[in-house]
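These are my notes from a session with one model, kept in the order in which I looked things up.

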Amino acid sequence: MDFLLVQFGLSVFTYDLQINKYSQRSYNFYVFPKPMNRQAPDSRFMCQASSIVFLANQDFDFNKLFKHGIPYLSANEEEKLIKRLEEKQKLKEENNQDLIPISDNDKPHIEEICSRIENFLASDAKELTIDKCNGFMRRLVYQEARIRWPNKVRVESKVENTWQCLLIQKAGTKEEEEEKEKQKREREKLEIKQAVGLSSLLKKIVESEKIIVGHNMLLDLCHIIHQFFTPLPSDYSEFKSLVHGLFPSLLDTKVICQSQQFKELVSSSNLNVLLDIVSKPPFSVPDVEPVEGRSYSVSTEKSHEAGYDAYITGLCFIALSNYLGTLQKSENATVLANSPLLNPFLNKLPIARLKDFPYVNLTGKDPNPSRDHVFHLTFPKEWKHADISQLFSPYGGGYVSWLSDTSAYIGLYRRDQAGAVMTNLSKGTICKVQKYATHQATLQIPSEDRKRKLPPANDKDEKDGEKSTTNGVKTSEDDSEWKVATGKRRKKRREQAATVDKKAFEENDAWN
């Protein structure tokens with residue numbers, strides 16, 4: 001997840017029972033992780049040239065993003081920022097910092113600054129700005145001010161025209177200084193709140209436990225969780241628990257479109273095409289009351305703007321839900337998001353590019369489709385995608401899912417060719433083809449059971465008066481039937497550290 005979520009769209013639909021109408025408020029947030037102070041994290045991220053070109057062609061406002069984008073912090077980053085400020089305050093209160101020796105090179109500069117402070121104290125000026133100080137020089141000035149003018153000057157850092165500066169002020173009475181210190185802490189709290197930024201809104205959404213509707217939103221949720229909450233776990237079960245724990249009620253319009261009730265009526269799940277489909281019979285998009293200054297309209301299309309996409313997702317959802325009501329011959333033409341009619345689609349998220357694996361079920365078992373058309377292939381390291389495609393082209397080709405440099409899963413496009421693949425390719429010498437189920441079974445066998453079964457020694461022919469050997473190693477008479485395969489090793493290999501039951505490569509069980 002090295003890319004940034006740079007625009008967040010939110011559309012809030014509210015149903016008014018008295019007038020039997022929805023109202024909607026929509027928001028389009030530009031999101032950018034600009035550090036609000038020196039303690040805040042300074043993020044690094046990737047961008048793809050084609051994505052930048054696409055956004056530019058859609059009139060994306062990059063100046064607004066970088067200059068006015070709303071910052072954010074994950075929970076861990078917020079905790080670290082608060083801890084840094086607390087440690088800084090504690091260090092200041094203890095006032096036991098070690099003195100930093102001033103080098104001969106820095107002394108003239110420090111003395112010049114101290115001379116300016118001395119003149120300031122003798123003047124009627126209210127404050128003095130020491131500009132363009134690096135971090136080390138600022139620390140030396142803090143130190144000298146504390147030593148030379150205890151309780152007489154107040155030194156603070158500030159940013160002026162993107163430069164870090166020092167602001168020198170005359171110290172007031174004890175009460176005045178305490179009040180200024182209190183104000184400073186309030187400012188720091190406000191800075192933290194500003195740095196948390198859009199994450200605060202996401203926390204409110206999580207706390208509300210409202211039903212969230214999206215369109216093909218699995219990847220969106222991954223970015224939202226990673227960027228605003230916590231890094232995604234590598235374990236699949238943990239991932240499902242994390243998503244469901246944060247968002248307990250999710251409905252995806254693409255899952256609804258792919259269901260039995262809709263797949264004959266919805267020819268495409270592209271969002272703009274879907275809006276056009278549900279705007280015509282047998283569907284109907286009801287009138288939605290806009291909130292002035294906070295609404296979009298289908299008459300003014302703003303495709304690929306996050307707020308507009310959220311808005312038309314809501315319209316599509318309402319039309320699809322109401323159609324379910326007509327199938328049930330319900331007296332009420334409006335089917336709300338919490339209706340039992342939508343329970344079959346609740347907490348199911350579509351997976352792109354897996355046609356026979358329609359969705360992830362966050363609260364139960366995932367679909368378990370047939371994998372009879374899937375094969376595990378082991379091949380030479382020199383092979384490329386074209387070599388695998390050529391091997392399976394006589395059988396209609398297939399989707400290749402790489403596991404390593406020497407292995408992959410292949411899912412046939414034509415399932416009826418599975419038998420022909422096993423007949424013609426299973427005995428190949430250059431590559432090894434296994435059924436998916438067969439390969440999975442080998443992964444489930446405990447490593448201690450993976451021993452080669454060798455025939456007993458007395459079943460072997462004896463030659464030249466010697467007992468038979470296995471791979472050149474003599475066998476003892478009282479060995480059991482099960483043997484661990486042994487053999488001669490070259491001297492170089494004997495010197496290597498022994499490895500036990502370790503695969504030649506790690507495989508990602510992506511199809512399991």
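In which helix is the place of Lys240? I found Lys240 in helix 9, which covers residues 236-246, and I note at the outset that the model is a predicted one.

**Entry on helix 9.** I next asked whether Lys240 is buried or exposed. Its relative accessibility is 11%, and because the limit for a buried residue is under 20%, Lys240 counts as buried. Leaving aside residues up to four places away in sequence, I listed what Lys240 touches: Val360, Asn361, Leu362, Gly364 and Asp366.

I then took helix 9 as a whole and wrote down its buried residues, which are Phe239, Lys240, Val243 and Leu246. Looking down the axis of helix 9, I see these buried residues fall within an arc of 140°, so they line one face of the helix. The general geometry is worth recording here: an α-helix has 3.6 residues a turn, so residues three or four places apart point the same way. On the face of helix 9 that is turned away from the buried side, I noted the exposed residues Ser241 and Gly245.

What do the buried residues of helix 9 pack against? I recorded two helices, helix 7 (198-208) and helix 8 (218-228), along with two strands, strand 7 (250-252) and strand 10 (359-361).

**Entry on the sheet.** I turned to an open sheet of three strands, whose order is 3-5-4 and whose pairing is antiparallel. Its edge strands, each pairing on one side only, are strand 3 (127-130) and strand 4 (153-160). From one strand to the next, the twist averages 25°.

Following the pairing of strand 3 with strand 5 (residues 163-170), I found four bridges in the antiparallel sense, and I noted that the bridge partner of Glu127 in strand 5 is Gln169.

Which strands does helix 5 touch as it packs on the sheet? Helix 5 (residues 135-148) touches strand 4 and strand 5, and its direction makes about 165° with that of strand 4. Helix 6 (residues 174-196) also lies across strand 4 and strand 5, but I have it running at about 25° to strand 4.

**Entry on the rings.** How many aromatic pairs does the structure hold? The count is 22, and I examined some of them in detail. The rings of Phe13 and Tyr22 have centres 6.4 Å apart and planes at 80°, so I entered this pair as edge-to-face. Of these two residues, Phe13 is partly exposed at 23% relative accessibility, whereas Tyr22 is buried, with a relative accessible area of 10%.

I also looked at Phe32 and Phe45, an edge-to-face pair with 6.1 Å centre to centre and 90° between the planes. Both residues of this pair sit in the loop between strand 2 (21-30) and helix 1 (49-57), 13 residues apart. Phe32, at 15% relative accessibility, counts as buried, while Phe45, at 36%, counts as partly exposed.

Going back to Phe13 and Tyr22, I found that ring pairs link them with Tyr15, Tyr296, Tyr308 and Tyr311 into a cluster.

My last item concerns a charge over a ring: which residue lies over the face of Phe120? I found Lys170 there, at 5.3 Å from the ring centre.

Note on methods:
Residues are numbered from 1 along each chain as its sequence is written. This is a predicted model: local features need pLDDT of at least 70, side-chain atom pairs count only at pLDDT 80 or more; totals for chains, interfaces and linings use all residues. Side-chain values use heavy atoms; hydrogens and water are left out. Two strands pair if DSSP finds at least two bridges between them. Axes are lines fitted to C-alpha atoms, for helices over the stretch in contact, and angles run from 0 to 180 degrees between N-to-C directions. Contact means heavy atoms within 4.5 Å. Rings of Phe, Tyr and Trp (its six-membered ring) pair if their centres lie within 6.5 Å; planes under 30 degrees apart count as stacked, over 60 as edge-to-face and the rest as tilted. Buried means under 20% relative accessible area, exposed over 50%, partly exposed in between (1.4 Å probe, protein chains only). A charge sits over a ring if NZ of Lys or CZ of Arg is within 6 Å of the ring centre and within 35 degrees of the ring normal. The arc is that of the directions from the helix axis to the C-beta atoms.
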